[in-house]
Amino acid sequence: MTEQNAAAPAPPHRRHIEFDRLHNFRDLGGYRSADGRTVAWGALYRSDSLGKLAGAGAGADWDRFLGLGIRTVIDLRYPWEIEAKGRIPEPERFTYANLSIEHRPYDQAAIDPDVDPWRYLADRFAEVTEDGAEEIRRAIELIAAGPGPAVFHCTSGKDRTGLIAAFVLTLLDVSEEEVLADFALTELATARLTADWHAAHPGRTMRWPSYGRAPERILSLVLADLTARYGSPAEYLRARVGITPATTARLRERLLR
């Protein structure tokens with residue numbers, strides 16, 4: 001084959017997909033499973049609030065989002081957050097589910113700056129793992145069985161979204177090292193997430209200096225807590241959440257290549 005007739009090289013896969021309004025939209029592809037396969041690119045995404053895709057000036061972002069071919073959207077926020085901030089435009093275009101995995105709201109910007117921030121957040125995650133077990137199961141089942149590609153999101157794409165991402169990658173048998181590294185990638189969006197908070201709350205002072213942070217330490221504590229209580233994160237997903245071997249098999253069939 002001559003150089004002139006050779007096929008053009010495929011574009012590189014991108015972990016971070018750039019939008020003007022979304023700051024934390026990521027492809028979960030490329031992580032390696034213990035069986036040697038890898039998570040497919042372009043099959044599963046995680047994001048901050050897709051409500052940002054609505055309104056004047058969002059047209060380019062909306063077109064970019066539609067170009068990804070996403071068919072399933074899982075919104076992990078409280079219904080009152082959706083009422084206040086909006087949901088994805090035209091939800092009827094998608095298989096859309098609102099599954100609020102967090103049941104005890106708290107204001108991160110108002111957290112006492114003297115508390116251990118990572119232990120504090122890990123304890124909030126622990127509440128979610130217990131309170132939100134049903135919604136966690138439904139979210140994972142929809143990722144496994146709903147039409148793809150799929151995206152799941154909360155407000156910042158950090159805590160609730162980070163927990164679902166960690167559980168999906170765990171079920172795909174991705175190493176804990178890569179699960180933690182994926183969680184920590186939100187740190188690249190912290191400055192923009194913090195700027196958004198200040199723009200939305202011009203009359204307030206942010207008390208907590210760790211707002212928008214997502215170091216590996218938080219999720220490491222969460223996974224260690226689940227191991228201490230259930231034996232492993234995978235056993236938590238089986239025994240407490242109710243993820244069946246059939247769901248795990250469907251998830252792996254859909255997402256691993």
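User: A cavity here is a set of grid points where a 1.4 Å probe fits but cannot get out. With that in mind, what space lies in the largest cavity?

Analyst: The model is a predicted one, and its largest cavity holds about 50 Å³ of space.

User: And how many cavities of 30 Å³ or more does the structure hold?

Analyst: Just one cavity reaches 30 Å³ or more.

User: Which residues line the largest cavity?

Analyst: The lining is made by Glu102, Tyr106, Arg124, Phe125, Val128, Asp159, Arg160 and Leu163. Sorted by class, four of the lining residues are nonpolar and four are charged, with no polar ones.

User: Which element gives the most to that lining?

Analyst: Helix 3 does, with three residues. Helix 3 and helix 5 (160-171) each supply at least two residues of the lining.

User: Arg124 caught my eye in that list. Which residues share a salt-bridge network with Arg124?

Analyst: Arg124 is linked with Arg104, Glu127 and Asp131 in a network of salt bridges. So Arg124 turns up twice, once in the lining of the largest cavity and once in this network.

User: How many salt bridges are there by the count?

Analyst: The count comes to 21 salt bridges.

User: Let's look at some single pairs. Which residue does Arg204 bridge to?

Analyst: Arg204 forms a salt bridge with Asp107, and the closest N and O atoms are 2.8 Å apart. The two residues come from distant parts of the chain, 97 residues apart. Arg204 sits in the loop between helix 7 (190-200) and helix 8 (216-230), while Asp107 is in the loop between strand 4 (95-98) and helix 3 (117-131).

User: Why does Arg204 count as partly exposed?

Analyst: Because its relative accessibility is 36%, and the partly exposed class lies between the buried limit of 20% and the exposed limit of 50%. Asp107 is partly exposed too, with a relative accessible area of 36%.

User: What about Asp35, which residue does its side chain meet?

Analyst: The side chain of Asp35 meets that of Arg37 in a salt bridge, at 2.9 Å from N to O. Asp35 is partly exposed at 46% relative accessible area, and Arg37 is partly exposed at 32%.

User: And which partner does Arg93 have?

Analyst: Arg93 pairs with Glu90 in a salt bridge of 3.0 Å, N to O. Relative accessible area is 48% for Arg93, which makes it partly exposed, and 34% for Glu90, also partly exposed.

User: Why would such side chains pair up at all?

Analyst: Side chains of opposite charge can pair when their charged atoms come close.

User: Changing topic to the strands: are the residues of strand 3 buried or exposed?

Analyst: Buried, on both faces. Thr72 and Ile74 are on one side of strand 3 (residues 72-75), with Val73 and Asp75 on the other.

User: Which strands pair with strand 3?

Analyst: Strand 4 runs parallel to strand 3, joined by four bridges. Strand 5 (residues 150-153) also pairs with strand 3 in the parallel sense, again over four bridges. As for single residues, Asp75 has Asn98 of strand 4 as its bridge partner, and Val73 stands opposite Val151 in strand 5.

User: What do strand 3, helix 2 and strand 4 make together?

Analyst: Strand 3, helix 2 (residues 79-85) and strand 4 make a right-handed β-α-β unit.

User: Now the pockets. What volume does the largest pocket have?

Analyst: About 890 Å³ of space lies in the largest pocket. It is lined by 28 residues, and the closest to its centre are Glu81, Thr155, Ser156, Trp197 and Tyr211. Helix 2 and helix 7 are the elements that give two or more residues to this lining. By class, the lining has 11 nonpolar, six polar and 11 charged residues.

User: And what about the second largest pocket, what is its volume?

Analyst: Its volume is about 200 Å³. Thr170, Leu171, Val174, Leu223 and Arg252 are among the residues that line the second largest pocket. Helix 5, helix 6 (176-184), helix 9 (233-241) and helix 10 (245-255) each supply at least two residues of that lining.

User: How many of those lining residues are charged?

Analyst: Three are charged, alongside six nonpolar and three polar residues in the lining of the second largest pocket.

Key:
Residues numbered from 1 in each chain as written. Predicted model: local features only at pLDDT ≥ 70, side-chain atom pairs only at ≥ 80, totals over all residues. Heavy atoms only, no water. Salt bridge = Lys/Arg side-chain N within 4 Å of Asp/Glu carboxyl O. Buried < 20%, exposed > 50% of the residue type's maximum accessible area, 1.4 Å probe, protein only. 1 Å grid on protein atoms, 1.4 Å probe; cavity = no way out; pocket = protein on both sides within 12 Å on 5 of 7 lines; lining within 4 Å. Points joined across faces, edges and corners; volume = space filled by probe spheres on them. Nonpolar A, V, L, I, M, F, W, Y, C, P; charged D, E, K, R; others polar. Pairing = 2+ DSSP bridges. Right-handed = clockwise from strand over helix to strand, strands pointing away.
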